[in-house]
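Got your viewer open and your selection tool ready? Let's walk through a few spots together, one selection at a time.

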Amino acid sequence: MSREPNTVKRRAAWVLVAALAAAGAVWAGAALIGAATAPPPPAPDIAVVPQPVEITGVRGEAFRLAPDARVVIDAEASEAEVVAEQLAALLRPASGLELPIVNDEAEPGDIALVLAAGEVPDDHAAEGYRLRVDETGIRIGAATGAGLWNGMQTLRQLLPAAVERGDVLAEPLEVVAVEILDHPRFAYRSAMLDVARHFFSVEEVERFIDEISMLKINTLHLHLANDQGWRIEIEGWPLLTEVGGMYEVDGGPGGFYTQEEFAGIVEYAAERNVTIVPEANMPGHAHAALTAYPELTCDGVAPPPHTLAAGGGSSLCPTSLEAERMAVDVIRQLAALAPGPYLHLGGDEVSGYTQEEYVYFMELTAAAAAEAGKTVVGWQELGDSDALPAGTIGQYWGYTEPDELGTERVRSFLDQGGAIVMSPPDVAYLDQVYPDYPADSVLGVSWAGTTDVADAYGWDPARIFEGVGDDEVLGIEGPLWTETVASIEDVEFMAFPRLCALAEIGWSPAPAGDAHRDFDEFAPRLVAFLERFEELGVNFHRSGDLPW
């Protein structure tokens, strides 16, 4: 990156403009003083999902991307360069402009990405940003690369949806004059993709990452092992993938990720502000591992592969030292493969264990994860232990009307210094059928009922349990189990647009008092966002509760 050759001319022209402006200021000083004290104009009518925290009007005309526009960054900020490359890759095809990325001082007509302390309030520094657009340029300021990414995604939604197409547009790109100060409500905003029941290639997972990152979702929980398949290479246990990864639901060919491929997914996600949280579910849902290694069973006999959609009810043998050794090996290797702070242990729906055996196994694997430097995450059953590593996160998958056991487990995590990720199935599970989809559809299940976009939008994570508010909730997750979901197009159909609603719940401020979110206000913004998905070829569901 270097200074552009026309910089001197640009700067001279700007000096001349400034001089003329100063002369005009002398003539119209009183008018300028009056203008400086006038309130800003009304906020423009923009459609952004998730809804930003604060939108303010700015005087002046819209910004127009000119032929000599540049993306300006600080050469010392590598995180800014990653975001700049993504932004330029979006704008270059649509504008037909060179749009170089340079290390320089921003000048009129530039897009500046500023990474510095103090750009946003300290309590929102982790992912907050400030975006200002006026006729002289665009500026995104943030304290972190994550904040810059979030600001860039908001800027993306201020552009015409046709920019997503990748063709040169007939008119120059314009962005409305506006200032946005924004930050997330929750730190953990997640989707989960089950790649065990049906396997998805590296390219398909990366496609999903591209889509969720547009919504400022910052976590992808990958469910890597279940009864139907084991999908991650584990050194020292080659049969887990060679045998356990052979099939998927209905007996189709399965697959798995080598450790090198998985590291590539992690890196790809990180460049889009998405942290990968791996999970190889244990000790239950372990049929694929038992098929691969009979010594993990109690009778030493390997069961045949399990290719039914329903779970096999199979667990690692609770008295097998070999099963313990395998589990600890898996945890340590997953911790090394995923450099993010979290590691998910699974731990749900375990059969064949006494309560004492279950607690022993989960405390063993939790200790291994903590020793590897990870914050432990587990399904709500993990709350049956009262000796979890400090800060352990419980993932609640009970209903929005909780039962006594679910409440006790949530309290257990909180009493041990942890927090909760909310995933109520009646509003957040993305595998549940849409109410307007044909009853004979092969897609989706209905054990938690039907869920439309209004359902996914009409709940609040801090109102499920008494005394469990924003401080106790780490965030939310929309899990997508894939018993019936066989292709990336199926994934998109089941996830979107409901995941868009969850993204706004995770990001945007909670309604004041006892008020509820306004679905009628949200729905038109969501339709505007989905125009981008349409340009990108995303196979979202045209839900009947949206104003198409």
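**Stop one: an arginine and its backbone partners**

Select R498 and M494 to begin: the side chain of R498 reaches the backbone oxygen of M494 at 3.0 Å. Keep in mind that you're looking at a predicted model. Now add L430, whose backbone oxygen is reached by the R498 side chain at 2.9 Å.

Where does R498 sit? It lies in helix 15. Is R498 buried or exposed? With a relative accessibility of 1%, R498 is buried, because the cut-off for that is under 20%.

To see what surrounds R498, skip its neighbours within four places in sequence and show L430, Q432, V433, Y434, T451, D452, V453 and A456; R498 is in contact with these residues. Pick out D452 from that group: 46 residues along the chain separate it from R498, yet the two C-alpha atoms are 7.0 Å apart.

**Stop two: helix 15 against helix 16**

Stay with helix 15 (residues 498-507) and bring up helix 16 (residues 519-536): the two pack at an angle of about 120°, and their axes are 11 Å apart. That angle makes helix 15 oblique to helix 16. The crossing between helix 15 and helix 16 is right-handed.

For the contact itself, select C500, A501 and E504 on helix 15, then F522, R525, L526, F529 and L530 on helix 16. Colour this contact by class and you'll get six nonpolar residues, two charged ones and no polar ones.

**Stop three: helix 3 against helix 4**

Next, jump to helix 3 (residues 78-95) and helix 4 (residues 145-158), which pack at about 15° with axes 9 Å apart. Helix 3 and helix 4 are therefore roughly parallel to each other. Their crossing is right-handed.

Which residues of helix 3 and helix 4 meet? On helix 3, select E79, A80, V83, Q86, L87 and L90; on helix 4, they meet G145, L148, W149, M152, L155 and R156. By class, that contact has eight nonpolar, two polar and two charged residues.

**Last stop: an aspartate in a strand**

Finish by centring on D134, in strand 6 (residues 129-134). D134 has a relative accessible area of 14%, so it counts as buried. Turn on side chains and look at T136: its side chain makes a polar contact with the side chain of D134, at 2.6 Å. Leaving out neighbours within four places in sequence, the residues in contact with D134 are V58, E61, F63 and A177.

Key. Residues numbered from 1 in each chain as written. Predicted model: local features only at pLDDT ≥ 70, side-chain atom pairs only at ≥ 80, totals over all residues. Heavy atoms only, no water. Helix = DSSP H or I, 4+ residues; strand = E, 2+ residues; numbered from the N terminus. Buried < 20%, exposed > 50% of the residue type's maximum accessible area, 1.4 Å probe, protein only. Polar contact = N/O pair within 3.5 Å; in protein donor to acceptor, adjacent residues only side chain to side chain. Contact = heavy atoms within 4.5 Å. Axes fitted to C-alpha atoms, helices over the stretch in contact; angles between N-to-C directions. Parallel < 35°, antiparallel > 145°, perpendicular 65-115°, else oblique. Left-handed = near helix turned anticlockwise from the far one by under 90°. Nonpolar A, V, L, I, M, F, W, Y, C, P; charged D, E, K, R; others polar.
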